[in-house]
Amino acid sequence: MNPCEIGCPKSHVDTPALLVDLDALEYNIKKMAAFFKDKEARLRPHVKTHKTPAIALKQLKEGAVGVTCQKISEAEVMARAGIRDILIANQVVSKKKIIRLAELARDNAIKVAVDSSQNIEDISEAATAKKVTIGVVVEVDIGMNRCGVPPGEPALDLALEVERKRYVKFVGLMGYEGHTVTISSYPQRKDEASKALRLLVDTKKFIEEKGVRCTVVSAGGTGTYDIAGSFPGVTEVQAGSYATMDAKYGSVEGIGGTFKQALSLLATIISKPSEDRVVIDTGMKAISHEFGMPVLEINNRRLELSSLAEEHGIIRHPLAAKGMNVGDVIELIPTHGCTTINLHDYLYGLRKGIVECVWPISARGKFH
Ligand SMILES: Cc1ncc(COP(=O)(O)O)c(C=O)c1O
């Protein structure tokens with residue numbers, strides 16, 4: 001573990017280190033909770049972004065109905081932290097994992113997404129063997145072209161299959177309009193997301209008309225939290241990135257201005273080979289770049305890192321020479337929080353530049 005003590009100033013934290021500004025984090029959590037206060041839909045934050053039970057517990061304290069996870073191993077971490085109401089918004093397929101799912105369902109309200117008959121059979125078999133009830137939501141593909149059955153009849157067929165099982169309970173539908181969440185223009189995003197959500201809600205109506213009760217309709221991400229959260233018929237929203245934010249979402253209209261950038265990566269300049277080039281101790285093993293190069297501010301100017309190697313980051317810019325020297329620390333904003341946080345063991349919580357807490361990112365690397 002990093003040798004920094006609680007109470008240290010930021011500059012004493014050994015790098016590369018992942019930081020979260022606690023005022024900004026708490027602001028974001030409260031801001032999102034306030035949006036859902038008078039809505040029919042409830043917030044079920046996706047914890048795949050922060051992977052940190054301490055943050056999930058803060059979200060629950062502010063009124064979240066439970067959490068969303070992407071993997072069984074992530075859900076196990078959250079359950080160990082005392083979080084009982086968990087939706088796994090993904091397919092859990094191998095026999096070994098399904099046994100873990102059934103074990104988790106013994107003491108927790110577990111719901112999992114399904115989109116195939118075989119998977120329903122396997123989940124039913126494990127649940128029957130352990131005599132535990134596992135809730136399922138049928139995943140509908142609402143335009144992202146990832147998992148999910150087409151809207152309408154195929155979703156009804158799976159719902160009816162689930163209804164015939166004794167230990168598997170059909171609770172509703174999920175769909176993720178992920179193809180729309182980072183559309184930069186708000187009107188265009190609203191239009192595209194609404195089209196997707198309409199498919200989901202119409203499927204719910206269709207299923208209910210056939211006499212099957214569909215309590216949960218779960219959808220939404222940070223980019224569409226307000227669209228999904230106000231869409232008649234949607235009951236739960238799975239937004240995750242809003243808590244910590246990243247540069248990608250920061251550039252999305254209506255999201256960047258609404259939520260504060262809480263996450264950053266502290267790095268040290270380890271070399272200054274020329275007047276326009278500095279090298280930091282942070283490479284792609286400490287910060288992700290699939291959404292673009294990490295961002296930094298120098299003299300009030302926003303720059304992108306020029307390149308990343310495994311353990312090096314390079315800033316090639318005349319501004320880099322000015323006032324930047326070997327041993328200095330700088331802060332980077334990750335373009336993608338989810339994949340950056342997953343690279344780190346600890347998250348340093350800072351308030352006004354002082355370390356207030358060091359949280360283990362207990363679900364990092366939990367991709368099973
Ligand atoms: C199933 C699912 N739900 C919700 C989200 C929302 O996440 P975010 O808040 O990062 O947009 C994601 C993101 O990948 C997802 O895969």
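User: Is the crossing of α6 and α7 right-handed or left-handed?
Analyst: In this predicted model, α6 and α7 cross in a right-handed sense.

User: Why are α6 and α7 said to be oblique to each other?
Analyst: α6 packs against helix α7 (residues 186-209) at an angle of about 50°, and their axes are 9 Å apart. Roughly parallel requires an angle under 35 degrees, and roughly perpendicular starts at 65. The angle of about 50° falls in neither range, and α6 and α7 are therefore oblique.

User: Which residues of α6 and α7 meet?
Analyst: Ala155, Leu156 and Ala159 come from α6, and they meet Thr203, Phe206 and Ile207 of α7. Sorted by class, the contact has five nonpolar residues, one polar and no charged. Thr203 is the polar one, because Thr is absent from both the nonpolar and the charged list.

User: What makes α4 oblique to α5?
Analyst: The axes of helix α4 (residues 95-105) and helix α5 (residues 117-130) cross at roughly 45° and come within 9 Å. That angle makes α4 oblique to α5, since roughly parallel would need a value under 35 degrees. The handedness of the α4 and α5 crossing is right-handed.

User: Which residues in α4 and α5 meet, and how do they divide by class?
Analyst: In α4 they are Lys95, Ile98, Ile99, Leu101, Ala102 and Ala105, and in α5 they are Asp122, Ile123, Ala126, Ala127 and Lys130. Eight of these are nonpolar, none is polar and three are charged. Lys95, Asp122 and Lys130 are the charged ones, because Lys and Asp are listed in that class.

User: What makes α3 roughly parallel to α4?
Analyst: The axes of α3 and α4 come within 10 Å and cross at roughly 25°. This makes α3 roughly parallel to α4, as the angle is under the 35 degrees that sets the limit. The crossing of α3 with α4 is left-handed. Ile72, Ala75, Glu76 and Ala79 of α3 form the contact with Lys97, Arg100, Leu101 and Leu104 of α4. Five of the residues in this contact are nonpolar, none is polar and three are charged.

User: Why does Lys51 count as buried?
Analyst: Lys51 has 27 C-beta neighbours inside 10 Å. The threshold for a buried residue is 20 or more, so Lys51 counts as buried. Lys51 is placed in the loop between β2 (42-43) and α2 (53-61).

User: What is the phi of Lys51?
Analyst: It is near 55°, a positive value in a residue that is not glycine. Most residues other than glycine have a negative phi.

User: Why is Asn145 called exposed?
Analyst: Asn145 has 9 other C-beta atoms within 10 Å. Exposed means 12 or fewer, so Asn145 is exposed. Asn145 sits in the loop between β6 (134-139) and α6 (153-163). Its phi is also positive, about 60°, although Asn145 is not a glycine.

User: Why does Gly250 count as partly exposed?
Analyst: The count for Gly250 is 16 C-beta neighbours inside 10 Å. Buried begins at 20 and exposed ends at 12, so Gly250 is partly exposed. Gly250 belongs to helix α9 (residues 247-250). Leaving out residues up to four places away in sequence, Gly250 touches Met245, Gly256 and Gln261. The C-alpha atoms of Gly250 and Thr335 are 8.8 Å apart, with their positions 85 residues apart along the chain.

User: Which residues of α2 are buried, and what covers them?
Analyst: The buried residues are Pro53, Ile55, Ala56, Lys58, Gln59 and Leu60. Their cover includes α1 (22-37), β3 (67-69) and α3 (72-80). After α2 comes Gly63, with a positive phi near 115°.

User: How do you know that the peptide bond from Thr15 to Pro16 is cis?
Analyst: Its omega is near -5°, and the bond is cis. Most peptide bonds are trans. Pro16 lies in the segment before β1 (17-21).

User: How many residues surround the ligand, and which are the closest?
Analyst: The ligand is surrounded by 13 residues, with Gly221, Thr222, Gln238, Gly240 and Ser241 the closest. The shell divides into four nonpolar residues, nine polar and no charged. Gly221 and Gly240 fall in the polar class, because Gly is counted there.

Key
Residues are numbered from 1 along each chain as its sequence is written. This is a predicted model: local features need pLDDT of at least 70, side-chain atom pairs count only at pLDDT 80 or more; totals for chains, interfaces and linings use all residues. Axes are lines fitted to C-alpha atoms, for helices over the stretch in contact, and angles run from 0 to 180 degrees between N-to-C directions. Helices (H or I, at least four residues) and strands (E, at least two) are DSSP runs, numbered from the N terminus. Angles under 35 degrees count as roughly parallel, over 145 as roughly antiparallel, 65 to 115 as roughly perpendicular and the rest as oblique. A crossing is left-handed if the near helix is turned anticlockwise from the far one by less than a right angle, and right-handed if clockwise. Two residues are in contact if their C-beta atoms, placed from the backbone, lie within 7 Å. A residue is near a molecule or strand if its C-beta atom, placed from the backbone, lies within 6 Å of it.
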